Amino acid sequence: MTATTIEHDAMRRALDIARNGPRGVNPQVGAVLLSPEGDIIAEGWHRGAGTPHAEVDALSQLAPGAARGATAVVTLEPCNHTGRTGPCSEALLEAGVARVVYAVADPNPRSAGGAERLRAAAVEVAQGVCHDEAADLLASWFTVQRLGRPHVTVKWAQSLDGRAAAEDGTSQWITGAEARADVHRRRGRADAIVVGTGTVLADDPSLTAREEDGGLRPHQPIPVVLGRSEVPADAAVRRHPHSLLQYDGDLDAALADLRERGVHRVFVEGGPTIASAFLRAGLADEMLVYLTPVLLGGSRLALTDLGVPSIDQARRLDVARIERLGDDLLIVARPHDTRTPEGEES
């Protein structure tokens with residue numbers, strides 16, 4: 001069933017307001033209610049665990065009966081289960097909504113099925129509208145739901161010839177100020193930042209997220225170090241606002257423990273060895289490659305062995321976008337075989 005131009009515009013608005021919600025255990029979801037004439041009559045978003053879902057938040061702004069015949073535009077398929085709150089599908093039916101448009105399907109089998117419930121009650125349903133934008137917003141939540149582990153972003157910076165550092169090991173600063181500021185913004189959206197002990201001993205990073213003026217951002221990722229080497233007592237990471245977590249080289253065990261601690265978004269920034277380990281294990285959900293226009297030569301490659309013996313086994317990626325950051329380029333890529341289903345607009 002085809003969505004209208006007005007419904008596409010409403011979905012973009014729903015995506016904007018979804019970002020008002022907290023990022024955490026629950027997904028960021030936005031909803032817009034349209035009158036039969038296509039006017040916005042209410043908006044809502046999910047404000048955190050235990051609070052009304054976006055659809056119910058929007059409905060609560062209307063008088064009883066005011067949503068009859070309306071269209072609900074929602075970024076995530078309305079849920080069909082009872083948790084801390086009731087099923088959104090039933091709330092929409094009780095309100096008399098005549099049509100529902102949503103962006104992405106709910107991947108959780110316990111809460112999915114809302115679209116089927118609505119169709120069974122003769123409500124018109126259109127799906128996949130602004131799918132890619134919604135999937136990007138919900139990427140970390142989707143990973144947790146599908147795989148039971150945090151969403152992993154692997155970041156590295158490299159010269160045009162694929163080096164992460166000069167031959168003497170120096171690498172600060174391989175990228176420019178705009179690229180570095182972008183990294184700190186992304187650190188500030190992560191729950192944990194991961195490096196290896198080699199990076200700690202060589203560079204003594206603080207692993208904080210900073211504003212452009214050097215001050216700490218309001219949200220700080222938990223510092224995580226992988227490796228058995230002892231982190232020095234006077235290391236900068238020891239002065240991080242959060243206590244350091246250290247794991248041995250078992251990536252699956254580390255991610256499992258982080259998930260138990262409520263971590264949903266992991267930002268891997270720890271040098272060629274750690275970055276390559278996550279890539280080799282198939283644990284990278286997103287890659288951020290900062291490409292800087294310099295040539296370094298030498299042996300300090302940005303990545304090491306990825307377990308690719310021949311070209312026919314190369315790890316194919318989908319490029320999500322390319323951004324210009326001063327003189328540098330940021331390439332955002334994802335594994336080709338892990339894209340969210342239901343990607344076509346209907």
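**Internal spaces and buried elements of the model**

The residues that line the second largest cavity fall into eight nonpolar, no polar and no charged, where Ala, Val, Leu, Ile, Met, Phe, Trp, Tyr, Cys and Pro are counted as nonpolar, Asp, Glu, Lys and Arg as charged, and the others, Gly among them, as polar. The structure is a predicted model, in which local features require a pLDDT of at least 70 and side-chain atom pairs a pLDDT of 80 or more, while totals for chains, interfaces and linings use all residues. Residues are numbered from 1 along each chain as its sequence is written, and side-chain values rest on heavy atoms, with hydrogens and water left out.

The second largest cavity (a set of points on a 1 Å grid over the protein atoms alone where a 1.4 Å probe fits but cannot get out, with lining residues having an atom within 4 Å of a point) has a volume of about 40 Å³, and a search of the whole structure finds two cavities of 30 Å³ or more. Its lining consists of V194, V224, L226, Y247, A254, L255, L258 and F278. Strand β8 (222-226) and helix α9 (251-260) each supply at least two of these residues, and the largest share, three residues, comes from α9. Helices (H or I, at least four residues) and strands (E, at least two) are DSSP runs numbered from the N terminus.

The largest pocket, an open set of grid points with protein on both sides within 12 Å along at least five of seven lines, has a volume of about 1,300 Å³. Of the 48 residues in the lining of this pocket, K155, S171, Q172, D203 and E269 are the closest to its centre. The lining comprises 20 nonpolar, 17 polar and eleven charged residues. Contributions of at least two residues each come from β6 (151-159), α7 (177-187), β7 (192-196), α8 (197-203) and α10 (271-280), and it is α7 that gives the most, with seven residues. For the pocket as for the cavities, grid points are joined across faces, edges and corners, and a volume is the space filled by probe spheres set on the points.

In the protein chain as a whole, there are ten helices and 13 strands, and the C-alpha atoms fill a box of roughly 70 × 40 × 40 Å along the principal axes. Buried residues (under 20% relative accessible area, with a 1.4 Å probe and protein chains only) make up 50% of the 346 residues. Of the contacts (heavy atoms within 4.5 Å) with a separation of 6 or more, 70% are between residues 24 or more positions apart.

Two helices and one strand residue illustrate the buried part of the chain. In helix α1 (residues 5-18), the buried residues are E7, H8, A10, M11, A14, L15, I17 and A18, and the elements that cover them include β1 (30-34), β2 (40-45), β3 (71-76), β4 (99-104) and α5 (131-137). In helix α6 (residues 139-147), A139, S140, W141, F142, T143 and V144 are buried, and these residues pack against β3, β4, α5, β6, α9 and β10 (265-268). Just after α6, G148 takes a positive phi of about 70°. V100, which lies in strand β4, is buried, with a relative accessible area of 0%. Neighbours within four places in sequence being set aside, V100 is in contact with A72, P78, L92, L118, V123, E124, V125 and A126. The C-alpha atoms of V100 and E77, residues that are 23 apart in sequence, are 9.0 Å apart in space.
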